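Please find below my note on the chain under review. The points begin with the surface, then turn to the interior and the overall layout.

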Amino acid sequence: MTAVDIIEIVGSLLILSAFAAAQTRRLSPHSVRYLLLNIVGSTVLAVIALLHQSWGFLLLEASWAVISAVSLARLLRRDRQGGEPAERFAAAEGGKS
């Protein structure tokens, strides 16, 4: 197993842990933690896909990273503008952040 294989597994585990936590209601898909796990994991996998010229995988993971980053930016911007705090919003959506 190479270092790239280990990094790839870690990236996958970040995304899977966020998904599992959301499915078991231990983490809200609207929380900062959930979005950060998705951004980091999908970015790692997108870089590996680019290096391996795996275009379909790159499209999937880069899209996942961008969508998560946009969602995080909106969440943080709403908090800064005096909107409902992200933690309360996440709890209202049925999860914990």
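1. In this predicted model, six side chains deserve attention on the outside: Met-1, Ile-6, Ile-9, Val-10, Leu-13 and Leu-16 make a nonpolar surface patch of about 620 Å². For the chain as a whole, the exposed area is about 6200 Å², and 66% of that area is supplied by carbon and sulfur atoms.

2. Ile-6, one of the residues of the patch, lies in helix H1, which covers residues 3-23. Is Ile-6 buried, partly exposed or exposed? Its relative accessibility is 44%. Since buried means under 20% and exposed means over 50%, Ile-6 therefore counts as partly exposed.

3. The interior should be read next. The largest nonpolar core has nine residues: Ala-18, Ala-21, Ala-22, Leu-27, Tyr-34, Leu-35, Ile-39, Leu-72 and Leu-75. Two or more residues of this core come from each of H1, helix H2 (32-51) and helix H3 (55-80).

4. Ala-22 belongs to that core. When neighbours within four places in sequence are left aside, Ala-22 is in contact with Leu-27, Pro-29 and Tyr-34. Of these partners, Leu-27 and Tyr-34 are also listed in the core.

5. As to the overall layout, the chain contains four helices and zero strands, so that the order of elements from the N terminus reads α-α-α-α. The chain has 97 residues, of which 29% are buried.

6. Finally, consider contacts between residues at least 6 apart in sequence: 56% of them join residues at least 24 apart.

Conventions
Residues numbered from 1 in each chain as written. Predicted model: local features only at pLDDT ≥ 70, side-chain atom pairs only at ≥ 80, totals over all residues. Heavy atoms only, no water. Buried < 20%, exposed > 50% of the residue type's maximum accessible area, 1.4 Å probe, protein only. Contact = heavy atoms within 4.5 Å. Areas by Shrake-Rupley, 256 points an atom, 1.4 Å probe, with all protein chains shown as cover. Patch = residues over 30% accessible without salt bridge, like charges linked within 9 Å, V, L, I, M, F, W, Y side chains within 5 Å. Salt bridge = Lys/Arg side-chain N within 4 Å of Asp/Glu carboxyl O. Core = buried A, V, L, I, M, F, W, Y, C linked by side-chain atoms within 4.5 Å.
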